[in-house]
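Here is a walk through one protein model, written for someone who would rather think in geometry than in prose. Have the viewer open and follow along from the overall layout down to single backbone angles.

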Amino acid sequence: MSVLDVSGLAKAYGPVKALDGIDLHVRSGTRTAIVGPSGCGKTTLLRLIAGFETPDSGRILLDGQALAENRTALPAHMRGVGVVSQDGALFPHLTIAENIGFGIPKSEPDRAARIAELAETVGLKSAMLSRWPHELSGGQQQRVALARALARKPHLMLLDEPFSALDTSLRAAMRKVVAELLEKAGVTTILVTHDQAEALSFADQVAVMRDGRFAQVGTPRDLYFRPTDATVAEFLGETILLPAHVADGCANCALGRLATHAPANGAHARIMLRPEQIALEPATRAEAQAASTGIYAEVCACEFAGASTVLVLHILNPREANGAVPPRFTLRRAGFDGIETGAVVRVSVSGRAHPLA
Ligand SMILES: Nc1ncnc2c1ncn2[C@@H]1O[C@H](COP(=O)(O)OP(=O)(O)OP(=O)(O)O)[C@@H](O)[C@H]1O
């Protein structure tokens, strides 16, 4: 099991600052996911850790040993770092057994047995060992790529969008298999992905990257429920943002007085809620007009999308303190429960609101 420490890492391609001062600590035997929009520098970071490129400045330590320090770098093959890329990149002229055994010396007496064991570990049938890469499905090829990387007994595994070419159901299954396998082998792992749900479910630690820097690093729950800003919040999932007056651990907003996560203050703060925190119950316009407590809303729009439905809700009796809040918000709900455009609903909020600057 190995510990990775990255500090002050920077890399520019001409005028483009691909990495602009990255600090990252990955604990031994854990899984870290790096997410961020296209072009933010994710692959560049993996390439520097793998040793395919040299940083302009900064340091990468694996178990205290310098893999790269400023412009000096240990060659990739001496780092003990395994890499699995998006397409698996198998050698087309080698059989599956030869691909898996690529990094195992031919002189090793139990080479064939190790290849068979690795194939079994990643769930490949022994009959596949004599096949060629083009005779395997995408998911099977990714398993071979993983077995090939594991054969070298890496201290650190780098996974660069390894599931992105797979269809949705296979993707989820492979993610689970790979997470379990790496955990069992105790290999410290970094996964790069575009998929926020994948990052949140796969990793112990998630780093959100933006313009060559980390916007936030933390546990999946921390990042999802306590994002540092609205961009991180929206990147990690559906978000409801409402203007609020935040003081003394409470936020006054269009949805009433809500307890907040942190003791934040600020007259112009906003709060964030996740859609799972909002419950709707059918109600009537008369109830809404007569009510002295509770929040009522009218459904102004309803977009059915199969597994989820997006509602636009107009709050009929907003409770905000400053009166300047547009009392309307969008809510994505799982499934469809018959609430249509024109319906009146009672709105309740569970859990705490998260204040944002
Ligand atoms: N070899 C290169 N030469 C010039 N610019 C490069 C090179 N490699 C990357 N870049 C630039 O550096 C920035 C970061 O690229 P990188 O591939 O690391 O992003 P990414 O987050 O992995 O993107 P994606 O999710 O689309 O793969 C981009 O602006 C990219 O155009």
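## The overall layout

The protein has 9 helices and 21 strands. Keep in mind that this is a predicted model. Along its principal axes, the C-alpha trace spans about 85 × 45 × 35 Å. The chain counts 357 residues, and 34% of them are buried.

The domain assignment splits the protein into domain 1 (4–225) and domain 2 (238–356). Their C-alpha centres sit 41 Å apart. As for contacts, take the pairs of residues at least 6 apart in sequence: 66% of those contacts join residues at least 24 apart.

## The sheet with β1 and β2

Start with an open sheet of 5 strands, ordered β2-β1-β4-β5-β6 and paired in the antiparallel sense. Its edges are β2 (16–26) and β6 (72–73); each has a single partner strand, so one side of each is left without a neighbour in the sheet.

Strand β1 (residues 4–13) runs antiparallel to β2, and the two are joined over 8 bridges. Look for Tyr 13, which stands opposite Val 16 in β2. Both of these residues turn up again around the ligand.

## Helix α1

Which strands does helix α1 lie across? Helix α1 (residues 42–50) lies across β1, β2, β4 (57–62) and β5 (65–69). Against β2, the helix runs at about 65 degrees.

Is α1 largely enclosed or not? Of its 9 residues, 7 are buried, so α1 is largely enclosed by the rest of the structure. The buried ones are Lys 42, Thr 44, Leu 45, Leu 46, Leu 48, Ile 49 and Ala 50. After the helix comes Gly 51, with a positive phi near 95 degrees.

## Around the ligand

Now for the ligand shell. The residues around the ligand are Tyr 13, Val 16, Ala 18, Gly 36, Ser 38, Gly 39, Cys 40, Gly 41, Lys 42, Thr 43, Thr 44 and His 194. By type, the shell divides into 4 nonpolar, 7 polar and 1 charged.

Which elements supply at least two residues each? Both β2 and α1 do. The biggest giver is α1, with 3 residues in the shell. Two residues from the shell, Lys 42 and Thr 44, also appear in the list of buried residues of α1.

## Odd phi values in two loops

Some background first: most residues other than glycine have a negative phi. Asp 63 goes the other way, with a positive phi near 50 degrees in a residue that is not glycine. You will find Asp 63 in the loop between β4 and β5. With 15 other C-beta atoms within 10 Å, Asp 63 is partly exposed.

Glu 161 also has a positive phi near 50 degrees, again in a residue other than glycine. Its place is the loop between β8 (156–160) and α5 (168–185). How many other C-beta atoms lie within 10 Å of Glu 161? There are 19, so Glu 161 counts as partly exposed; the cut-off for buried is 20 or more.

## Out at Gly 249

Next, move to the loop between β12 (240–247) and β13 (250–253), where Gly 249 lies. Gly 249 is partly exposed, with 14 other C-beta atoms within 10 Å. If you want a long distance to try in the viewer, take the C-alpha atoms of Gly 249 and Arg 111: they are separated by 62 Å, and the two residues are 138 apart along the chain.

## The sheet from β16 to β20

Another open sheet has 5 strands in the order β16-β20-β17-β18-β19, with antiparallel pairing. The edge strands here are β16 (278–283) and β19 (328–334), each pairing on one side only. On average, neighbouring strands of this sheet are turned by 40 degrees against each other, direction ignored.

Inside this sheet, strand β17 (residues 295–305) pairs with strand β18 (residues 308–315) in the antiparallel sense, over 8 bridges. What is the bridge partner of Ala 305 in β18? That is Ser 308.

Conventions: Residues numbered from 1 in each chain as written. Predicted model: local features only at pLDDT ≥ 70, side-chain atom pairs only at ≥ 80, totals over all residues. Pairing = 2+ DSSP bridges. Helix = DSSP H or I, 4+ residues; strand = E, 2+ residues; numbered from the N terminus. Contact = placed C-beta atoms within 7 Å. Axes fitted to C-alpha atoms, helices over the stretch in contact; angles between N-to-C directions. Near = placed C-beta within 6 Å. Nonpolar A, V, L, I, M, F, W, Y, C, P; charged D, E, K, R; others polar. Domains from an automatic or database assignment. Buried ≥ 20, exposed ≤ 12 C-beta atoms within 10 Å, placed from the backbone.
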